[in-house]
Amino acid sequence: MNCEITKAEKESIEIVAKYELDFYRQVFHVRKIPAISIMLYGDEKKYRVAEKCIPRYARGTVGYYRP
């Protein structure tokens with residue numbers, strides 16, 4: 001939130017998203033490509049504040065989560 005990323009960071013995020021989508025396509029029959037929402041917090045402090053609103057089961061210790 002309220003942060004900017006470099007072109008390299010954007011490409012890295014896109015590579016991870018493609019990898020995960022390819023994996024799930026092999027495991028499940030995916031008819032429609034889902035929309036993926038990504039929220040970037042800029043630093044750990046901002047994430048830790050926002051984390052309090054994320055259900056405990058969906059939190060990640062490395063700063064990301066999957067609801």
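**Close-up views of a predicted model**

Of the 67 residues of the protein chain, 10% count as buried. The legends below refer to a predicted model.

**Figure 1. Overview of the protein chain, with two helices and zero strands.** The surface exposed by the chain comes to about 6300 Å². Carbon and sulfur atoms supply 58% of that area. Among contacts between residues at least 6 apart in sequence, 36% join residues at least 24 apart. The count of salt bridges comes to three. The views that follow show pairs of side chains in helix H1, which covers residues 7-27.

**Figure 2. Salt bridge between Glu14 and Lys10 in helix H1.** The two side chains meet at 3.3 Å, N to O. Glu14 and Lys10 are four residues apart in helix H1, so about one helical turn separates them. Glu14 is partly exposed, with a relative accessible area of 44%. Lys10 is also partly exposed, and its relative accessible area is 46%.

**Figure 3. Salt bridge between Asp22 and Lys18 in helix H1.** The distance here is 2.6 Å, N to O. Asp22 and Lys18 lie four residues apart, about one turn of the helix. Lys18 has a relative accessible area of 51% and is exposed. That class applies because exposed means over 50% relative accessible area. Asp22, at 28% relative accessibility, counts as partly exposed. Asp22 is not classed as buried, because buried means under 20% and the value for Asp22 is 28%.

**Figure 4. Salt bridge between Arg25 and Asp22 in helix H1.** The side chains of Arg25 and Asp22 meet at 4.0 Å, N to O. This pair counts as a salt bridge because the cut-off is a side-chain nitrogen of Lys or Arg within 4 Å of a carboxyl oxygen of Asp or Glu. Arg25 and Asp22 are three residues apart in helix H1, about one turn of the helix. Arg25 counts as partly exposed, at 38% relative accessibility.

**Figure 5. Network of salt bridges linking Lys18, Asp22 and Arg25.** Asp22 takes part in a salt bridge with Lys18 and in another with Arg25. The N to O distance is 2.6 Å for Asp22 and Lys18 and 4.0 Å for Arg25 and Asp22. Within the network, Lys18 is exposed, whereas Asp22 is partly exposed and Arg25 is partly exposed.

Definitions and conventions. Residues numbered from 1 in each chain as written. Predicted model: local features only at pLDDT ≥ 70, side-chain atom pairs only at ≥ 80, totals over all residues. Heavy atoms only, no water. Buried < 20%, exposed > 50% of the residue type's maximum accessible area, 1.4 Å probe, protein only. Contact = heavy atoms within 4.5 Å. Areas by Shrake-Rupley, 256 points an atom, 1.4 Å probe, with all protein chains shown as cover.
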